[in-house]
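Hi everyone, thanks for coming. I'd like to walk you through a structure that will be new to most of you, so have the picture open while I talk.

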Amino acid sequence: MLTLIGKRLIQLLPTLFFVSVLIFSLQQLLPGDPALIMAGEEKDPEVIEQIRRQYRLDQPLPVQYLYWIGGVLTGNLGESMRLKVSVLDLIAQKLPVTLQLAVMAMIIALVIGVTAGVVSAVKKDTWIDYAVNVFSLWGISTPNFWLGIMMILLFAVTLGWLPASGYVPLWEDWRQSLATTIMPAFVLGNSIAGVIMRHTRSAMLQALSSDYVRTARAKGLFERRVVLKHAMRNALTPIITLGALEFGTLLSGAVLTEQIFTIPGFGKLIVDAVFNRDYAVVQGVVLVTATTYILLNLLADLGYILANPRLRA
Amino acid sequence: MNKALLASLMAAAALTISAAAVQAQQNTMRIGLNEDPDVLDPTLARTYVGRIVFASLCDKLFDIDEKANAVPQLALSHETLDDGKTMIIKLRPNVKFHDGETMDAEAVRYSLDRHMTMQGSFRKPELAAVDKVEVVDPLTVKLTLKTPFSPLLSQLTDRAGMIVSPKAAKEAGDRFGAKPVCAGPFKFVDRVQQDRITLERFADYWDKDKIKIDRVVFQPITDGTVKLANLKSGQLDLIERPLATDLAEIRSNPNLKLVALTDLGFNGMWINVSKGEPAKGPLGQDARVRQALELAIDREALNQVVFNGEYVVGNQWISPDKLYYQEKFPVPKRDVSKAKQLLQQAGVKTPVAVDFMVPNTTEAKASAEVIQAMAAEAGFDMKIRLVEFATGLKEAEEGRYQAFLLNWSGRTDPDGNLYIFMKTGAPQNYGGYSNANVDKALDEARLKSDPKERKAIYERVAAETLKDNPYLYLYHRKVLIAHSNKVEGYRQMPDGLIRLQGVSMKR
Amino acid sequence: MTATVASPAAPAEAVLAVESPTRRALRRLAQRKGAMVALVVILVLVALALLAPMISPYDPARQSWSAVRKAPSALNWFGTDEVGRDILTRILYGARASLSAGVISVAIAIAIGVPVGLVAGYAGGLIDGLISRFTDAMLACPFLILAIALAAFLGPSLTNAMIAIGVTATPLFVRLTRGQVLSVKAEDYVEAARAIGNPHWRIAFRHILPNVLPALLVQATLTIATAIIAEASLSFLGLGQQPPAPSWGSMLNSAQRFLSTAPWMAVLPGLAIFVTVLSFNLLGDGLRDALDPRSK
């Protein structure tokens, strides 16, 4: 077991190295000159030169990479050219926002996905099954940004029930905070509810056809009790594992959703940085997101192995 | 878990009905901005929205009035000596910075020096004419110029004229923007990037009687519909730059007020006349082809279709209602047959293909599509290429385009709308235009300060540039501000900035 | 922009039944009503896209400045857009952009991903390690950010958006193919083929690839759905189809400015995306069930 974890951790290193190279070269691919954007409307050539020097844009790429990765290894992600704030501070500022959004989205996704999955498994091949199927697929079948726009149109513009945008931290005013995040959380959660539903359904089907459920039924237990207590308990492990995986997806899935709802989290930070060619921010945020994703993957795998003793060999 | 979530969902829905009530905290003004401002350091800042925040945060030596004339703010008066090579500025006494320090001649000298010498300063080019700044006495400074430079005064009405607390600036260095300390009506409280900037009333402001608001919160909201929805629901009290197509809705809403003024800038398109291979097409080579393109465009229809007719059509670097507009060159009417004729005279094969670079915004895209359709009728094939702003600048710089839709936010002095665009080799001369007569006139106008004389000189510029057409001026936006009825006493200046002097909030 | 990973179906078992696996799969697919309806919808969409010029009385680029942002009416069933073009016509023509973006980008992803996956799985060792770690790295970066960066680099156009999406989706196919190869490699008939001295490429193509196909088909269908949304997202950001040619994403981009004054501009192209993507998802799910030998 320990050697397995050790092996997985070692595998992590080359992956992270590739991630760092990938995101570094990626943003170098972006056309446009950050110094030119930085230079503002007047664009004085002298100012542009000076910016290039200051941010080492005049150095060869490998040198720039070494400077950056050297900083990363010593815990320094660099500074935002646009905002003159350290990237680490920016990330610390945004992480709670995106985390709150992701947790809310996950709750929504689990409620929708697990309920739908259980119902469709129990009512397999009936019209309820089909209806639930379509319902759960609609989440991954709509572009996040469109669903967001539609919800703003309905709940904020037309009905005026919810604020159209903005964000209030939980600790400042929790009710206002929920009000501002409920729509984006729903949009995000909706997009993964379908995946969770599919897996719940098949896990439930497997559990329902297993021996112990049959035994439980034979003992004359009520169907509801069979489903909820016996089948669901066994189906839950893979769902939780999947949840961990999808949680990583949520962190990065917030890209356009946050943009639409003006939620000042990771997604908005990164999109703005990409369009402003704020290199250090793009690199830092993608690095943190990717690392989180990889770690969650690892945890999910380990969880899966723990839950399935057969795989431990 | 299920029940708990449902309960909180319902709670969330229910409480938002009362959200407006919670928001109405007395005397806080919430302002919706179009974008997130950049760094809040007057020396290092470069965005337009940043200037809106500065208007409440940092006072300047001079401000502008409704007619865009310079009026004293931190200064009391100024005089120009030595044929324009010296400027003496008398300062307002008893002015305090937010940190309690006194604003005096030494602080002015420090701030101007900081603008002129700090690494990464964007004010350097604006103050390039200034040779040195000296303290004459605690309330008098003397600026010595390298050459006479009439636009200097107007530069001092903007960021270059903002005075910062030397003590705070020395301590913070290049991190000053994280907690700016100036002498404006409001002082900095905090900022959450991309979310909000909070300022509170400065008790020792020199003009404190005019300040009737306790707190100002600026919130960047990029989406026009969302911003307006927030204004209507009372989440915001005032928004800048609402969409032209939403103005009818704002006017018809009894709870909202709309402020509209023609702005100082211009909108139109560059034509690449000399930069690299793309300039070698008929459009870049032959002024008749450019004129044909101009005649193919119906400015009124463009304004109607894309902006509901809310903007102002124009053909010069300044809108027709302004002092420096050259009446001798009126806005040309659309004339497709004449455009076709010109193309024939030029002997070009139609359709003339044009690589038409367009910034990737919804308004620019719609304008470009309408222009494309109009130009097609005269024999142009405008191939639209959407570019992100970042890419567009680089492409323009390197001349990889034939036509480029690009606007300018405008400056109070006409020099700011002309010199850097039309002078040979100037930083924003994207078309690569070069005309010795224009260069001479542009330099000459900088030496004169009498508006009549300057207007006469600029007439020579108009005669050349409007014939050569390296830039097709099409329309002028409006400064647009919408606010709720609760906001009283709001007055708009032509630069579009939001000034809160004299503004109050009805409970 | 969740990239759905199809659960790999087990390798096809040795054919014992009289019925061929393909026939069996088709028969089972036909039994799944949802998938069949989806298939019909997709075929209708393809037909509409191809026949757009015959169906619509309008030109998709034809502007009418006297009829700007008009609500749906008998003349324009879906209303008109910000420069007076017929929205129904633009949705029909836009289907071409969306469908081809979905299919072509997935084709690109398969063309790169399957060979690379085959190599990784077949070669093993250091090559496999490098490819797998790089695949992991790509999957760890936000899908849309990768696509945005690539599309911006290549320059905005529909073709480049397809390439960007295709390249970004490639790791999905690398991982899938590799996994399948690993599980098939140890099978007796592959061992046997190797023992009698068949060249590697022959083993890979004759013996391994056919076993990968079912899972590949399922993944491809589901990825088409993801790719259509990705194209819409890129066009929404202005990095896809260039004006005046229509695409559903760019129509939504224009609609943003008129949400409250002309909501039909946003509702209808979005519905078109929804119906199309839902159909591909349903079909993909149906295929998976039909091709999975474990299911009844």
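Let's start in chain B, with an open sheet of 4 strands in the order β4-β5-β7-β6, and the pairing there is antiparallel. On the terms: helices (H or I, at least four residues) and strands (E, at least two) are DSSP runs, numbered from the N terminus, and two strands pair if DSSP finds at least two bridges between them. Before I go further, this is a predicted model, where local features need pLDDT of at least 70, side-chain atom pairs count only at pLDDT 80 or more, and totals for chains, interfaces and linings use all residues. Residues are numbered from 1 along each chain as its sequence is written, while chains are lettered from A and ligands numbered from 1 in the order in which they are written.

Back to that sheet. Its edges are β4 (75-81) and β6 (130-137) of chain B, each of which pairs on one side only. Neighbouring strands are turned by 20° against each other on average, direction ignored. For angles like this, axes are lines fitted to C-alpha atoms, for helices over the stretch in contact, and the angles run from 0 to 180 degrees between N-to-C directions.

Look at β6(B) next to β7 (residues 140-145) of chain B: they pair in the antiparallel sense over 6 bridges. One you can click on is K132(B), whose bridge partner in β7(B) is T144(B). Then there's a helix packed on this sheet, α4 (residues 105-117) of chain B, which touches β5 (86-91), β6 and β7 of chain B, and its direction makes about 170° with that of β6(B). Contact here means that the C-beta atoms of two residues, placed from the backbone, lie within 7 Å.

Now the other sheet I want to show. Chain B also has an open sheet of 7 strands, in the order β8-β9-β10-β1-β11-β19-β12, with mixed pairing. Which strands sit at its edges? They are β8 (186-192) and β12 (256-262) of chain B. The average turn between neighbours in this sheet is 20°, again ignoring direction.

Let's walk in from the β8(B) side. β8(B) pairs with β9 (residues 196-201) of chain B in the antiparallel sense, over 6 bridges. Within that pair, F186(B) has R201(B) as its bridge partner, and D190(B) has T198(B). The hairpin has 3 residues between the strands, and in it Q194(B) takes a positive phi near 65°. One step further in, β9(B) pairs with β10 (residues 215-220) of chain B, antiparallel too, over 4 bridges. T198(B) turns up again here, with V217(B) as its bridge partner in β10(B).

On to helices, staying in chain B for a moment. α10 (residues 287-296) and α13 (residues 362-378) of chain B pack at an angle of about 120°, with their axes 8 Å apart. That makes α10(B) oblique to α13(B); angles under 35 degrees count as roughly parallel, over 145 as roughly antiparallel, 65 to 115 as roughly perpendicular and the rest as oblique. The contact is made by A292(B), L293(B) and A296(B) on one helix and M374(B), A375(B), E377(B) and A378(B) on the other.

Chain A has a pair to set beside it. Its α5 (residues 87-122) and α6 (residues 127-141) pack at about 155°, axes 9 Å apart, and α5(A) and α6(A) are therefore roughly antiparallel to each other. On the α5(A) side you'll find G113(A), A116(A), V119(A) and S120(A), and the residues they meet in α6(A) include I128(A) and F135(A).

Also in chain A, α4 (residues 61-73) has 13 residues and reaches 18 Å from its first C-alpha to its last, close to the 18 Å expected at 1.5 Å a residue (the expected span is 1.5 Å times one less than the number of residues). Just after α4(A), G75(A) takes a positive phi of about 80°.

Finally, how do the chains meet? Chains A and B each give 48 residues to their contact. On the chain A side, α3(A) brings the largest share, 6 residues. And chain C? That one has 10 helices and 0 strands, and its C-alpha atoms fill a box of roughly 75 × 45 × 30 Å, taken along the principal axes.
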